[in-house]
Protein chains: 2
Amino acid sequence: MMSTTRISEIAGSLGQEVTLRGWLYNMRSSKKLHFLQIRDGSGIIQGILSLQDAGPELFAAIGALTQESAIEAVGKVVSDPRSPGGFELHLKDVRRVSPSVDYPISPKEHGDAFLMDHRHLWLRSKRQHAILKIRHTIIKGIRDYFDEHGFVLVDSPILTPNACEGTTTLFGTEYFGQTAYLSQSGQLYQEAAAMAFGKTYCFGPTFRAEKSKTRRHLTEFWMVEPEVAYMDLEGDMDLIEDFLCSLVERVLNKHERDLKESLERDIEPLKRVQKPFPRMSYDDALKMIVQIRDATTDAETKAALAIEWGMDFGSPHETELTKKFDRPIMVHGYPYEVKAFYMKRDPNNPKVARCVDVLAPEGYGEIIGGGQREDDLQILEAALAKHELPKAPFEWFLDLRRYGSVPHAGFGLGVERTVAWLCGLHHVRETIPFARTMDRLSP
Amino acid sequence: MMSTTRISEIAGSLGQEVTLRGWLYNMRSSKKLHFLQIRDGSGIIQGILSLQDAGPELFAAIGALTQESAIEAVGKVVSDPRSPGGFELHLKDVRRVSPSVDYPISPKEHGDAFLMDHRHLWLRSKRQHAILKIRHTIIKGIRDYFDEHGFVLVDSPILTPNACEGTTTLFGTEYFGQTAYLSQSGQLYQEAAAMAFGKTYCFGPTFRAEKSKTRRHLTEFWMVEPEVAYMDLEGDMDLIEDFLCSLVERVLNKHERDLKESLERDIEPLKRVQKPFPRMSYDDALKMIVQIRDATTDAETKAALAIEWGMDFGSPHETELTKKFDRPIMVHGYPYEVKAFYMKRDPNNPKVARCVDVLAPEGYGEIIGGGQREDDLQILEAALAKHELPKAPFEWFLDLRRYGSVPHAGFGLGVERTVAWLCGLHHVRETIPFARTMDRLSP
C-alpha cells in the first residue's frame, strides 16, 4: 500500500502532497467547489476540490459521494488559520474505496434510544470522539499515577465464589458444577495484594445487577482500586486528594479544547479542583443537610432530603450538599451499620466506620468510596456474622488478619462517573464505548 | 504516623536512621546477632541486630519473632556490597505490630495445590513477586506501546448477547430476562471502534468455559486486541513484529536480574527476539511438520504429529515447529474452514484465510492470533450462514460493511501465555494473581 498520512500528524507534511485514507464526514458544495470534511479517526480536515482542477467528470463523481463513504484523498497540505486544525487540503484526486448508502445518523437530531441502538456508528461522531478520548486520557492518567507512585498492578479476579456486598445485585454463572459471581469489587483481593506488595491497585470491569434505571447506573463499569499497607484513613484522604487533583489537571492540560468546543463544558469549576478538599464528618454533613432541608421552601426538595442519623446519603442529599462547595468534598465516618463488613470500626467511636466517600461538585455526587479496613480478627469475624455472611469462603480473607495484620486502607474510583463529571455529561451512557444497562445489552 | 522509608528507595537514606514498616520474611541468629530479612512489598533488606546494642530483653524478644510477623524496624542504612540490594540496616529497635502464628508457607517445599489454596499468602514470596512485577511491566508495556503509536483505547464490553466463536465454551448469566455471555474476545467491537478512530485497542479480561486441564488454559485471562483500519495482513504482521520486539526489550531492560536470579530464566533466547520474524504459509509449515514427523523414530511423537491439510495445528505441532527456530514465527494463511467467521477469505486463494498465528519459541506455542477481517458484506453474510450463526445479533457488525467498509486487520495477544513465555514458566497458573481454572475458583 502507498504511505498514508494521518490527519493528527499533518502539520509535518505542510506544503507536500499527501494521501489520506478515511471517510467522508460531511460535504457542502457550490457550483465550482466541493468542501469535503474528511475524517480518518485521528482528526477531521477540510479538503477543497475545484471544478477547474478536477475536471467535470471527477467533480461530478465527488459531488455524488454520500456521508461515511470510505475514501482515499490525495492533495496538498496548506496552512489555513481559519480552520480548526490550522490546515486544509487542496485536493487533486479522491477515490471512493466503498459506498455508504443511507447512513442512519444524519446531522439532524436523533433520540437517545436510536443513537444507542446505533452505537457502533454513533462512535464516529465528533462528540463521541471527544468523550472517549478523554476517557482514554483518564484511564491512562489513573494507571500512570499509580505506576509512578510505586504501586504494583495486581489484577483482581472477575469470577469469584463469594459475595462481597450482598448477593441481590450479583450476576451469577454456572461454573463447572458450582456458582461463580461476577465481581462487584476487587477490594478483598487487593487487601491480600497490599500485604504482599505494600502498595497495589487493580483496574478492571466490575458488575452490578441493579434494577436501577438512573442516569448514574451501569451494570458493567470500570473501577480502579488502590490499596496500601500501613496507611490509615487520613493517609487515604491525602492520597485521594493528590490523585484526583493530578487526574483533573491532566485532563485539563490535554483536552481543554475538546471540553470547551466539542462538549461545551465550562472548565472553570474543574480549574478549582485543588488541594485541600473540604473534609467533614458524616455528623457535620448531616447537620448541613438538615439545615438545607429546614431552609428550603420547596416541599418536594424537603421531602427528598428526609434523613436521620444512621441513614446513608442518597443522591438528593449528595447533590444538595455538594452545591455548597466549589470542589470535591470528603465525607468520613459514616454509621458503621450502613457500610460494608470490611470497613474498620472506629476504636474511639464504635458507632462509625473509618471510611470516606468523595462527592464530586456540580451535583455529580459520589465518585469514590474508600477507607481503612478492619485489621482486627475478632471484630472482622463479628462483622461477617452480623452481615450474615458465611465464614468459610472468607477464611482466606481472615488469614490476612492472622499472619502479620497491619493497618491498611484504600478506595475505589468509578471511571464512568468520573468521565461524566469531567466531561459535564448528564448521563453515564456516553462515558463508555458500549454501555450496558438494565434494558440494554447490545450492540 | 512517623515517616516511613520504602526499601526500594533506601539508597536515598544512606547513612541515615530510617523506619521501615513491613514483615519479617526470614531470620537466622547466632548467640550475639540476629539477621532479619525484612520485606515491605517493595523489596527485601537484611537488618542486623546485635545483643550488645539491643540489650538482653529486646534481643530475646526479637529472637522469638515468627515468619510474617508485622514489624516496624528502626535502624541506620549502611552500604554493603555483598547484599543483593547493596544495603543493609544496622538495627536499633524492632517493634512487633502484630503476630503471625504458624504461617502455613515455610521455606520448605509445598505441593502446587497447597500453594494455590494459599495463593493470598503465596503472593508474598520472592518468586511470585518477580513474576507479578514482570506481569505489571508487560501490561504497562503493552498499553504504552499502543498509546505511543496513536491507538485509542476503546474498551469492549464483557457482557454480550452474541457468541463470537461458538456457544459451547461460553459462560452465560441471566440478564434481566435474557441471557448474556461473558466475552471471549473484544474483536467484533474493535472493528466498529477502528472504523471510528482508525487505530484502537481494548485490553481486559476474557473468558472461556473450556473443559481443559492443561498447563496453558485459564477460564479467565487478559487479552489485548488492537485493530487498525486500512491495514492488511502484511501490515498486521509488521505491527506484531514491532510490538513484540518492543515488549521483550522492555522486559529485558527492567527485569534482567528478576529473570536470572528469582526465576532462573535463561535470557539468551529472549535476546534473540529481533526483527524480522520468520513468516511462512500454513502450507509450508505443514510440509515442515510432515518432514519432522517422517524423520522421527519416536512412535509417540509420530502419532502426536498426525496431520493433513485442512486441520488446525495442535500443541504438539506448534511445539515441534517452533523448535526449528530461535525466535517467534508467524504462520499465515490457515485453511478458511478452521478459522473464525470474520476472517478475510483470501481473494486469490479462497481455500485459505488472510490470518496469522504467532508461535513463541522454546515450545511455548501460540501467543497471538490475528489477521485481516472480511470487509465484503456478501462474503461475510455467507460466512455467518456457514457457521450457523443467527444474523440478527450481527446486524450491527454487518453495518460496518454497509457504511464505508475498508480493509482492516488486528490481533489478540494473551497476557498470561506471554508472561509464561518471558518468565520461562511451565504452567500459566502463576502468571496471574488469582488463577481461575476448571477446578479452581478460590481464593
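In the predicted model, the side chains of A:Glu68 and A:Arg124 form a salt bridge, with an N to O distance of 2.9 Å. Chain A comprises domain 1, residues 3-98, and domain 2, residues 120-431. A:Glu68 thus lies within the bounds of domain 1, and A:Arg124 within those of domain 2. Across the interface of these two domains, one salt bridge is found. Polar contacts between the two domains number two residue pairs, both residues of each pair being at pLDDT 80 or more. On the side of domain 1 of chain A that touches domain 2, three residues are nonpolar, three are polar and two are charged.

The centres of the two domains of chain A, taken over C-alpha atoms, stand 46 Å apart. Eight residues of domain 1 and six residues of domain 2 take part in the contact. Together the two domains of chain A bury about 530 Å². Carbon and sulfur atoms give 43% of that area.

The contact between the chains was examined next. It draws 99 residues from chain A and 99 residues from chain B. The buried area is about 7,500 Å². Carbon and sulfur atoms contribute 65% of it. Three residues, B:Tyr230, B:Tyr403 and B:Leu441, supply 11% of the area that chain B buries against chain A, more than any other three residues.

Charged and polar pairs also cross this interface. Six salt bridges are counted between chain B and chain A. A:Arg135 makes a salt bridge with B:Asp155, and the closest N and O atoms are 2.7 Å apart. Polar contacts between the chains amount to 48 residue pairs, with both residues at pLDDT 80 or more. Helix H4 of chain B, residues 126-148, gives the most to the side of chain B that touches chain A, with eleven residues. By class, that side of chain B holds 51 nonpolar, 24 polar and 24 charged residues.

The relation between the copies was then considered. A turn of 180° with a shift of 0.0 Å along the axis lays chain B on chain A, at an RMSD of 0.0 Å. The two copies are therefore related as by a two-fold rotation axis. In chain B, the C-alpha nearest the axis belongs to B:Thr173, at 2.5 Å from it. Of the interface residues of chain B, 100% are also interface residues in chain A, so the copies meet through the same surface.

Definitions and conventions
Residues numbered from 1 in each chain as written. Chains lettered and ligands numbered in written order. Predicted model: local features only at pLDDT ≥ 70, side-chain atom pairs only at ≥ 80, totals over all residues. Heavy atoms only, no water. Least-squares fit on C-alpha atoms with pLDDT ≥ 70 in both. Contact = heavy atoms within 4.5 Å. Domains from an automatic or database assignment. Buried area = accessible area lost by both parts, 1.4 Å probe. Salt bridge = Lys/Arg side-chain N within 4 Å of Asp/Glu carboxyl O. Polar contact = N/O pair within 3.5 Å; in protein donor to acceptor, adjacent residues only side chain to side chain. Nonpolar A, V, L, I, M, F, W, Y, C, P; charged D, E, K, R; others polar. Helix = DSSP H or I, 4+ residues; strand = E, 2+ residues; numbered from the N terminus.
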